[in-house]
Amino acid sequence: MEIHHRDTVYQDAKKWVYEAGKIIKEQMNNPLNIETKSNANDLVTILDKQTEKFFVEKIKDKYPDHQIIGEEGYGDQPKELDGTIWVIDPIDGTMNFVHQKKFFAISVGILHNGVGEIGLIYDVMNDTLYHVKKGEGAFRDSQQLPLLSRNKQLNEAIVGMNYFWLCENRLVDYQVMQGFIRTVRGARTYGSAALELAYIADGTLDGYLSMRLSPWDVAAGIILLQEVGGIVSNIDGNEWDPLKKSSILASNPALHKTILDIIKKGRK
Ligand code: 2AM
Ligand code: CA
């Protein structure tokens, strides 16, 4: 992506993310019209939909040739990665949003010809913005995030994962997963994949594992994390595909192979 054009897109994306966050904060105490999607715990609210529509309208107005992949389906369904694609989760961590009114994020990743160029993850209630332009550094607000250390042992690592997958014996043997949890120093579930990837980037977590996520959950986080030397793949070690649902194993560079080898032993 041409560098001046990328700056303009980045500035617009940042402005719209802050605006969307402000609208969410103003409206979150109104009735949320909570509905379910794929299952009883897969929630969506009027603000998920409204926020995605907000982005789609802004983007289509200013950048009519850009495409959009969004969680709530107001965007496009691109089959190829040609051109510029915005991958948007209007509220990542919807369950947290509904139940706790915190620990949710707006996640916007922007790809150009398949390359992740821009990532924004806005922790709305903490008013913290993680942001990256590929090759220009990853930031938490104004603070640049250092490259991740290659000196880290698994028994000193804190790993993010959804506890649901610990009870799920279909994809990875749960005894292998339990052994993994005993090996690491601590496991955490924050409930927003976007924030959990940002937490690896800023050293709050050392790894993150989920068995099924969609492109909008992870696009911005992957771009951010890769900028500080983090490694991302699926649980079989293959490269992430921005057009597909997949498992995700993300970690600092010291631990990725070690975790992958453990999970592979229990892979079904
Ligand atoms: P969401 O809040 O946008 O749905 C929770 O562990 C993380 O997994 C969140 O980032 C959540 O995104 C994501 N996720 C993806 N599919 C999910 C599903 N079917 N149910 C709950 N969380 C899901
Ligand atoms: Ca999501």
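What follows looks at where ligand 1 sits in this predicted model and then turns to a pair of loop residues with an unusual backbone angle.

Start with the ligand. Ligand 1 is found in the largest pocket, and 14 residues make up its surroundings. Closest among these are E71, D92, G93, T94 and A193. Sorted by class, the shell is made of six polar, five charged and three nonpolar residues. Strand β4, which runs over residues 84-92, hands over the largest share of that shell, with three residues.

The shell isn't the work of one domain, either. Domain 1 (3-144) and domain 2 (154-266) both chip in residues, so ligand 1 lies between them.

Zooming in on atom pairs, oxygen atoms of ligand 1 turn up in several polar contacts. With D92, a polar side-chain atom comes to 2.7 Å from a ligand oxygen. For T94 the partner is a polar backbone atom, 2.8 Å from an oxygen of ligand 1. D89 joins in through its side chain, where a polar atom is 3.3 Å from a ligand oxygen. As for how much of the ligand gets covered, ligand 1 taken alone exposes 470 Å², and the protein buries 79% of that area.

Now for the backbone. Most residues other than glycine have a negative phi. N113 isn't a glycine, yet its phi is positive, at about 45°. This residue belongs to the loop that links β5 (105-112) with β6 (115-123). D127 tells a similar story: its phi is positive at about 50°, and D127 isn't a glycine. Its place is the loop between β6 and β7, with β7 covering residues 128-133.

Key. Residues numbered from 1 in each chain as written. Chains lettered and ligands numbered in written order. Predicted model: local features only at pLDDT ≥ 70, side-chain atom pairs only at ≥ 80, totals over all residues. Heavy atoms only, no water. Near = heavy atom within 4 Å. Polar contact = N/O pair within 3.5 Å; in protein donor to acceptor, adjacent residues only side chain to side chain. Areas by Shrake-Rupley, 256 points an atom, 1.4 Å probe, with all protein chains shown as cover. 1 Å grid on protein atoms, 1.4 Å probe; cavity = no way out; pocket = protein on both sides within 12 Å on 5 of 7 lines; lining within 4 Å. Sits in = over half its atoms within 2 Å of the grid points. Helix = DSSP H or I, 4+ residues; strand = E, 2+ residues; numbered from the N terminus. Nonpolar A, V, L, I, M, F, W, Y, C, P; charged D, E, K, R; others polar. Domains from an automatic or database assignment.
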